[in-house]
Amino acid sequence: MLTRLKQMKQHFDEIAAELSDPAVISDQAKWRELVKEHSTLEPIIAKYDEYLAAAGAMDECRQMLADAGSDRDMKELAEEELRELGKKSEALIDELKVMLLPKDKNDERSVIMEIRAGTGGEEAALFGAVLLRMYQRYAERHNFKFELIDSNETEMGGMKEAVFSLNGRGAYARMKYESGVHRVQRVPETEAQGRIQTSAATVAVLPEAESIDVEINPNDIRIDTYRASGAGGQHVNKTSSAIRITHIPTGIVVQSQDERSQGQNKEKAMKVLKSRLYELYSSEADAKEASERKSQVGSGDRSERIRTYNFPQGRVTDHRIGLTLYKLPQFVDGDMDEIIEALILAERTRQLAGEAD
């Protein structure tokens, strides 16, 4: 690991030199690429420099011990400092191990998320609306920009389905763990007997595709327009501003109706289509790398039950890591970090175990 870090530091210094080269500065595409690589390496190199400083200080302490002779006070001072530096050095090594773990290539991206009500009828749709608000509040807490792309609302305020984006650096790194089946246990508003009902909603999380990721042949898509509608089928407007795009080779259908103009809805629908195609192509490639999948927390399968929200008991349980919190009201208000951080830690622990093997 230390040899690898030494090579990375040398490469980091070479990039820094290139960034001040007038020839590189004039080539904006190359310059931006180098800046991105430099910023990615910077925190790792800063941590490595901390480790080198601690290692250097430890060498100085050892020399002090060698020179101390019969000076007991100097020996005790040097030994104490050496113990503290040893602890610091070990902690820095542990941090560097985590920083050097393979990164998900999509972690820095924005995300497209989809919520669909599952079993449970109207209650499942009402739970879908709870999840939509939860993610919107989470976005506000982390300064991600929330944009609703498409929605199908029920008369009672439930959400049969919703498609939205969270835009911001690192959104996928935190939201990718939300993909799967979310189960809710609570007494429905329509239940006179006060019996607890179990319902479910499915969440899909897609890394937002960049223009260079997916090329779509115009001949491969069919675009239809229709009138946007709200709950109960009531028309939101009298013009055909909503857009539905069908990707003929794969059969993928996407739509957007939450903007007033056809152009804006078409732009949003194309963004969703590209992200779905990117996920499809990436999944096909990932299927060939079974060992990589073993290092993930959960499979990301949309049919996998990942979490239960029990309202009578005020608890939320993540089944992948066996973590239960008795703070459901706060959690559905967007205070999700305790579970998300635990999921990130669990994945890193598995990756470290894989690296050790």
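This is a short tutorial dialogue on reading a predicted protein model.

User: Before I look at details, how many helices and strands does the protein have?

Analyst: Welcome! The protein has 10 helices and 11 strands. Of its 357 residues, 40% count as buried. The protein exposes about 19,600 Å², and carbon and sulfur atoms supply 48% of that. Contacts tell you about the fold as well: among those between residues at least 6 apart in sequence, 63% join residues at least 24 apart.

User: Since the model is predicted, where is confidence lowest and where is it highest?

Analyst: Here is the general idea first. Where pLDDT is low, the predicted coordinates should not be read in detail. In this protein the average pLDDT is 85, and 89% of the residues score at least 70. Helix α8 (residues 290-293) has the lowest confidence, with a mean of 42, while helix α9 (residues 328-331) has the highest, at 97. Residues 231-236 have a pLDDT below 50, and this stretch has 12 contacts in the model beyond near neighbours in sequence. Residues 289-296 stay under 50 too, with nine contacts beyond four places in sequence.

User: Now the sheets, please. What is the strand order in the open sheet of three strands?

Analyst: In general, strands of a sheet pair through backbone hydrogen bonds, either parallel or antiparallel. Here the order is β6-β7-β8, and the pairing is antiparallel. Because β6 (221-226) and β8 (252-256) each have a single partner strand, they stand at the edges, and one side of each is left without a neighbour in the sheet. On average, neighbouring strands of this sheet are turned by 20° against each other, with direction ignored.

User: How many bridges join β7 to β8?

Analyst: Five bridges link strand β7 (residues 242-247) to β8. To find one on your screen, go to H247, whose bridge partner in β8 is I252.

User: Let's move to β10. Which strands does β10 pair with, and how do they run?

Analyst: Strand β9 (residues 305-310) is joined to β10 by four bridges, and the two run antiparallel. On the β11 side (residues 323-325), three bridges make the connection, again antiparallel. D318 is a handy landmark: R307 of β9 stands opposite D318, and in β11 the bridge partner of D318 is L323.

User: Which residues take a positive phi in the two hairpins?

Analyst: In the hairpin of β9 and β10, with four residues between the strands, G314 has a positive phi near 65°. The hairpin of β10 and β11 also has four residues between its strands, and there G322 takes a positive phi near 65°.

User: Are the faces of β10 covered or open?

Analyst: Look at the residues on each side of the strand. In β10 (residues 315-318), R315 and T317 lie on one side, V316 and D318 on the other, and all are buried. Both faces are therefore covered, given that buried means under 20% relative accessible area.

User: One residue to finish: why does N265 count as buried?

Analyst: N265 counts as buried because its relative accessibility is 0%. The residue is found in helix α7 (residues 262-286). Leaving aside neighbours within four places in sequence, N265 is in contact with several residues, including S241, A242, I243 and Q257.

User: What polar contact does the side chain of N265 make?

Analyst: The side chain of N265 makes a polar contact with the side chain of S256, at 2.9 Å. Follow S256 back and you will arrive at β8 (252-256), one of the edge strands of the open sheet.

Technical notes:
Residues are numbered from 1 along each chain as its sequence is written. This is a predicted model: local features need pLDDT of at least 70, side-chain atom pairs count only at pLDDT 80 or more; totals for chains, interfaces and linings use all residues. Side-chain values use heavy atoms; hydrogens and water are left out. Buried means under 20% relative accessible area, exposed over 50%, partly exposed in between (1.4 Å probe, protein chains only). A polar contact is a pair of N or O atoms within 3.5 Å; within protein, one must be able to donate a hydrogen and the other to accept it, and residues adjacent in sequence count only if both atoms are side-chain atoms. Contact means heavy atoms within 4.5 Å. pLDDT is the predictor's confidence in each residue, from 0 to 100. Two strands pair if DSSP finds at least two bridges between them. Accessible areas come from the Shrake-Rupley method with a 1.4 Å probe; for residues, only the protein chains shown count as cover. Axes are lines fitted to C-alpha atoms, for helices over the stretch in contact, and angles run from 0 to 180 degrees between N-to-C directions.
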